Every structure is written in structure tokens, then in C-alpha cells.
Amino acid sequence: MRLALVHARYQLLQTLRIPVAVFGSAFFPAVAMLFFVVPFAGDDPTGATYATAAMVTFAVMSANIFQYGVGVAEDRDQPWNPYTRTLPAGAAPAFAGRVLAGLALTFLSLLPVVVIAALFTDARISPGAFVLAVVVVGLISVPFTLMGLAIGYALPSKAAIVVAQIVFFPLAFGGGLLSAPDAAPAFVRAIAPYLPTRGAVELMWAAVGDWRPAPVSVVMLGVWVVALAALAGWAYRRDEGRRFR
Amino acid sequence: MILARADQATRRYGDVLALDRVDLDVRAGELVGLLGPNGAGKSTLLNLLVGLRRPTAGRVELFGGDPRDPAHRLQVGVTPQETGLPATLRVGEVVDFVAAHYPDPVPRGELLDRFGLTDQARRQTGGLSGGQRRRLAVALAFVGRPRLVLLDEPTTGLDVEARHTLWEAIRGFHADGGTVLLSSHYLEEVEALAHRVVVIGQGRVLADDTTAAIRSVVGVRRVSLVAGDLPDLPGVVRVEQVDDRTHLLTTDADRLVRELVASGVSFRDLEVRPTSLEEAFLAITAPGGQGTVTVPGQQATAA
């Protein structure tokens with residue numbers, strides 16, 4: 001556990017030394033907040049709260065897909081990674097450290113969204129709901145972490161960047177993160193329940209308001225978690241097999 | 001006591017046989033040079049010994065156990081490739097990170113001082129010169145007070161001065177009772193440091209002896225002369241043509257000269273010289289083995 005923290009610390013140091021990486025995942029949700037949420041839903045407490053929750057989900061998704069997808073793929077290119085495997089510790093502390101650092105960066109990247117919501121909109125949240133929302137952020141990080149890991153372990157770094165970029169926008173839009181809960185275009189409403197972003201955002205809405213999550217979306221989120229875990233596990237073992245067997 | 005051992009270790013990558021039934025024992029207090037050209041299997045052997053790879057067949061042991069068990073790696077130091085140091089981390093941070101894995105690491109200041117990196121402690125590794133990066137990479141092998149260090153080409157690409165600094169550090173470690181296994185394709189390096197040489201070629205151990213013994217076992221001499229077409233001569237393992245001079249590497253210079261004279265071919269400026277270890281090493285790693293093949297004069301490959 002101590003070693004996991006050591007790994008997390010150095011992981012964070014490396015990421016924060018190139019702050020562009022952090023800006024990247026924080027920037028788009030923050031800008032979407034300023035351009036779409038503040039002017040259109042800013043005066044409506046319920047609408048603004050839901051929209052903020054959607055942007056938080058967006059930030060969680062992009063932060064995780066990018067930092068794991070691109071981060072893991074880049075690390076695999078580096079000879080430093082096999083070197084660390086010669087140190088007297090198994091692969092577990094490095095992995096745990098990466099996940100801890102990932103969570104920390106996820107929370108960091110959604111700070112701007114929350115700050116903008118607090119300062120420029122009428123979004124409201126009770127302290128209890130806020131704590132619940134923090135827990136739900138950790139929960140909905142799981143599928144996107146797994147998705148990032150699957151991309152990172154399956155692909156070389158240049159391909160991982162492209163795939164991460166291709167994947168994240170349709171997931172955000174198709175899941176209805178960029179539209180109000182009930183005002184999404186018809187085709188989005190048709191596909192949304194089957195995307196992991198929808199289940200995630202419905203859980204967020206339930207945490208911050210009176211939203212009742214659709215069972216289909218939540219069940220599908222569970223299916224995604226299982227499927228992505230299998231995919232990430234497969235990619236990880238395949239990569240281990242190539243490099244360390 | 002044997003600190004590292006390979007017992008009939010074989011390693012395949014797909015169809016490629018990288019190591020072929022290699023036996024190697026490294027005993028406490030030894031300084032062993034692992035010598036061979038690129039692709040000979042040196043790095044594969046070191047990777048097996050530190051647990052990065054598993055042998056396809058045979059066994060490897062580190063401190064009497066499986067190197068894939070982290071506990072058996074506590075007293076081993078390994079060098080990362082210097083190109084792989086995390087570019088954004090400072091020198092001191094990299095040392096601290098590695099030190100966190102060991103129960104009783106060398107204090108950071110002491111280690112950096114030993115490798116002449118004190119002034120760079122606050123620099124990010126991405127901003128170091130190649131030599132500084134290489135020194136840091138080697139220094140990392142010593143952070144955990146290892147009993148055995150495995151150094152894969154520790155001075156490749158270094159200038160003479162930086163190389164000597166590193167050699168001093170390696171010698172110092174060995175003088176204090178440390179055990180070293182270092183791979184190199186620099187013969188100068190192996191001769192300068194190692195007491196024992198293991199020559200690897202095409203995945204096999206070709207020779208395992210003292211540096212002096214390796215030279216005398218091979219016993220290759222260089223006979224050079226200026227001549228026209230030469231007849232087939234005995235024991236020639238390699239022919240080089242440099243300008244008008246022909247260099248013949250042979251395992252039996254005496255017989256070669258006798259036959260040369262007997263053949264009646266005209267020649268001038270005959271010289272017979274001992275070879276460098278490099279030439280000896282090329283001779284025994286050449287396909288065909290210990291120099292019994294007679295190479296025709298046309299197949300010259302001047303270095």
C-alpha cells in the first residue's frame with residue numbers, strides 16, 4: 001500500500017509537470033459549461049443542476065479515457081516500464097498507483113465545471129447530495145477507466161490517441177450528455193440507453209436531484225462494466241504475454 | 001555461493017531461438033563479463049535472470065530462487081536503458097522513487113556524489129546530457145545496496161572520460177565485495193573490468209574462462225603481407241584486404257607461413273602479430289565455430 005502511494009505520487013508528478021494533459025480533459029467540459037449551460041440553463045435551478053451533472057460525467061469520461069488510454073500506451077513504449085518490473089515489487093503497486101493517480105486527476109479535471117456551476121448558474125446541491133455525487137463520480141469512473149485501460153493495453157500510443165478521440169465524442173453526444181434530460185434528439189433517445197455514458201449520467205442525476213434512473217440504462221452500464229473489464233483484462237494479459245513471458 | 005544461475009536455459013521468441021541451453025553460474029564476489037555481438041542473446045539472458053522473461057525450457061535462479069518472485073530481487077540492482085528515464089522527473093526524484101522499493105537504500109546525496117551527479121540533483125532527466133543520463137541509469141542499479149548488479153551495456157555510447165568514471169564506480173563496488181555481471185560488446189571494457197569472460201554467440205555459450213585464457217584458447221594470430229592471389233592456406237578464419245595488404249587471421253601462424261613459403265607465391269612485408277581480443281572473439285563467434293574453416297581470399301570483409 002505504501003508503494004502504491006509512492007507510485008501514485010510519481011505518476012501525478014509526471015502528469016502535472018506537463019499540465020497540458022490535465023487541461024485537455026478539463027477544458028472541453030468547462031467550455032461546454034460556459035457556452036451551452038450558462039446561457040441556456042443557467043437561470044433554471046433544476047436544469048442547471050442536471051446540466052452540471054452531465055458535464056461532470058463528460059469530464060469523468062474524457063479524463064479517464066484519455067489518461068489511461070494514452071498514458072498506458074505511452075508507458076508501454078518506454079523502457080522505464082520494464083525496468084520498474086525488476087524492482088523488488090510485483091506489478092500490483094504500480095497498477096494501484098496508476099488508479100489512485102487517475103482518480104485524483106479525474107477529480108481535478110472536473111473542478112472547473114463545478115466552480116463554473118457554482119459561480120455562474122443557479123445550480124443547487126445539498127451537502128448530502130454533494131457527498132453522494134462524489135461517491136458516484138468514483139463509481140462511474142470504473143467503466144471509463146476500464147475503457148481507457150483496454151485502449152491503452154491493446155494499441156500502440158499513436159493509435160490510442162486517435163481511438164480515444166474518436167470514441168469520446170460519440171459517447172458523450174449519443175449518451176445525451178450534451179442535451180437536457182428530456183430534450184435530446186430522437187435518435188439520441190433511441191441509442192442512449194445502450195451507451196455507458198447514459199447509465200453514468202442517470203446515476204449522477206439521481207445523486208443530485210429527483211431523477212429516477214431508467215432500469216435499461218443502469219443494467220446496460222453493468223453490462224458495459226463487465227464487457228470492458230473482460231476487454232481490458234484480455235488486452236493486459238496479451239500485452240504481458242508479449243513483453244514479459 | 002552462487003548468486004545467479006542459468007541451467008540449460010532456453011528462450012524462444014516465436015521461431016527465433018534467442019538462447020540455446022545456456023549454463024551460467026555467477027558466484028559471490030565475481031566480476032563477470034558477458035561478451036557477444038548484438039543479437040547474440042546477452043540481453044535475453046539478463047532479462048531471464050531478473051525475471052522479465054521466463055525461460056522456454058531450463059531454469060534460471062537468482063539467490064537460489066525464482067527471479068519472478070520480487071523477494072528474490074531485493075539484493076539485485078539493474079540498470080534501465082537511459083533513454084527510458086521519465087523525462088519530467090528530477091534526478092533526485094528518480095533516485096527516491098527507486099529507493100522507496102528497498103528497505104535500506106543508499107542515501108540520495110551519497111549515491112549522486114559517487115556517480116558525479118550532485119549538481120544535477122534538481123534537473124529533470126530529460127534535460128541531462130547522454131553521459132549524465134547513463135550515469136544516473138547505472139547509479140540506479142546501486143540504490144538498494146545490492147549484492148549483485150546486472151549491467152546491460154553500461155557504457156555504450158559514452159565518451160572516454162565518462163566511461164572511466166563508471167568503470168571506477170563498478171570497480172569500487174566489486175572491491176567492496178559486490179558481484180557484477182555486465183554485458184558488453186566492447187572488448188576493451190570487458191578486459192578492463194572483468195576477471196572472467198563468458199562469450200555468447202548465436203544464443204550459446206561459446207567460451208567461459210579468464211580473459212587471458214580466452215585469448216590463448218583461441219590463439220588467433222594476424223599474418224599480414226602484400227601479395228597477389230594466395231593459395232588456400234591452413235587455419236585461416238578470416239581474411240581482410242586493406243589497400244594492398246592482405247590480413248589473414250589464423251589459428252596456426254607457423255604452419256601457415258611454412259605453407260606460404262612452400263607454395264612459392266611471391267609476397268613481401270610479412271608480419272605476424274597477436275590479435276586483439278576483438279579479433280579472437282570475432283573468430284570464435286563466426287558461423288562455423290572455432291576457426292577450422294578455410295575462407296577463400298575473395299571473401300574479404302574488411303572492418
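Visitor: Which residue is the bridge partner of B:Ala227 in S13(B)?

Guide: In this predicted model, B:Ala227 is matched with B:Phe267 of S13(B).

Visitor: How do you know that S10(B) and strand S13 (residues 267-274) of chain B are paired, and in which sense do they run?

Guide: At least two bridges are needed for two strands to count as paired. S10(B) and S13(B) are joined by 6 bridges and run antiparallel. The requirement is therefore met, and S10(B) and S13(B) are a pair.

Visitor: What makes strand S10 (residues 221-227) and strand S12 (residues 245-250) of chain B a pair?

Guide: The same cut-off of at least two bridges applies. Between S10(B) and S12(B) there are 6 bridges, in the antiparallel sense, so S10(B) and S12(B) count as paired. Within this pairing, B:Arg222 stands opposite B:Leu249, and B:Val223 has B:Leu248 as its bridge partner.

Visitor: In what order do the 4 strands of this open sheet of chain B lie, and which are at its edges?

Guide: The order is S11-S12-S10-S13, and the pairing is antiparallel. Strand S11 (236-242) and S13 of chain B are the edge strands, each pairing on one side only. On average, neighbouring strands of this sheet are turned by 20 degrees against each other, direction ignored.

Visitor: How does helix H8 (residues 253-263) of chain B run with respect to S10(B)?

Guide: Helix H8(B) lies across S10, S12 and S13 of chain B and makes about 20 degrees with S10(B). Angles under 35 degrees count as roughly parallel, so H8(B) and S10(B) are roughly parallel.

Visitor: Into which domains is chain B divided, and how many Å apart are their C-alpha centres?

Guide: Domain 1 covers 2-212 and domain 2 covers 219-285. The C-alpha centres of domain 1 and domain 2 of chain B lie 38 Å apart.

Visitor: What order do the 6 strands of the other open sheet of chain B follow, and why are S5 and S9 said to stand at its edges?

Guide: The order is S5-S6-S7-S3-S8-S9, with mixed pairing. Strand S5 (76-78) and strand S9 (204-210) each have a single partner strand, so one side of each has no neighbour in the sheet. The twist from one strand to the next averages 15 degrees.

Visitor: How do you know that strand S8 (residues 196-201) of chain B is joined to S9(B)?

Guide: S8(B) and S9(B) share 6 bridges and run antiparallel; at least two are required, so they count as a pair. B:Val199 has B:Ala207 as its bridge partner in S9(B). Helix H1 (residues 42-49) of chain B packs on the sheet, touching S3, S6, S7 and S8 of chain B, and its direction makes about 150 degrees with that of S6(B). Angles over 145 degrees count as roughly antiparallel, so H1(B) is roughly antiparallel to S6(B).

Visitor: What makes S1(B) and S2(B) a hairpin, and which residue in the turn has a positive phi?

Guide: Strand S1 (residues 2-13) and strand S2 (residues 16-27) of chain B pair in the antiparallel sense over 8 bridges. There are 2 residues between them, and B:Gly14 in the turn has a positive phi of about 60 degrees. B:Arg11 has B:Leu19 of S2(B) as its bridge partner. S1(B) is also joined by 5 bridges to strand S4 (residues 57-62) of chain B, again running antiparallel, and B:Ala4 is matched with B:Leu62 there.

Visitor: Why are H6(A) and H9(A) described as parallel or antiparallel to each other?

Guide: Helix H6 (residues 127-154) and helix H9 (residues 196-208) of chain A pack at about 170 degrees, with their axes 8 Å apart. Angles over 145 degrees count as roughly antiparallel, and H6(A) and H9(A) are therefore described as roughly antiparallel. Their contact includes A:Leu132 and A:Val136 of H6(A) and A:Leu203 of H9(A). By class, the contact has 13 nonpolar, no polar and no charged residues.

Visitor: Where in chain A does UniProt place the feature "transmembrane region"?

Guide: The unreviewed UniProt entry places it at several spans, among them 47-66 and 99-121. In the model, residues 47-66 of chain A are 100% helix, with end C-alpha atoms 28 Å apart. Residues 99-121 of chain A are 96% helix, with end C-alpha atoms 32 Å apart.

Visitor: How many residues does each chain bring to the contact of chain A and chain B?

Guide: Chain B brings 24 residues and chain A brings 20 residues. Helix H2 (residues 91-99) gives the most on the side of chain B, with 3 residues. By class, that side has 14 nonpolar, 6 polar and 4 charged residues.

Definitions and conventions. Residues are numbered from 1 along each chain as its sequence is written. Chains are lettered from A and ligands numbered from 1 in the order in which they are written. This is a predicted model: local features need pLDDT of at least 70, side-chain atom pairs count only at pLDDT 80 or more; totals for chains, interfaces and linings use all residues. Domain bounds come from an automatic or database domain assignment. Axes are lines fitted to C-alpha atoms, for helices over the stretch in contact, and angles run from 0 to 180 degrees between N-to-C directions. Two residues are in contact if their C-beta atoms, placed from the backbone, lie within 7 Å. Angles under 35 degrees count as roughly parallel, over 145 as roughly antiparallel, 65 to 115 as roughly perpendicular and the rest as oblique. Ala, Val, Leu, Ile, Met, Phe, Trp, Tyr, Cys and Pro count as nonpolar, Asp, Glu, Lys and Arg as charged, and the others, Gly among them, as polar. UniProt positions are given in the numbering used here, feature names are shortened, and annotations may be inferred rather than shown by experiment.
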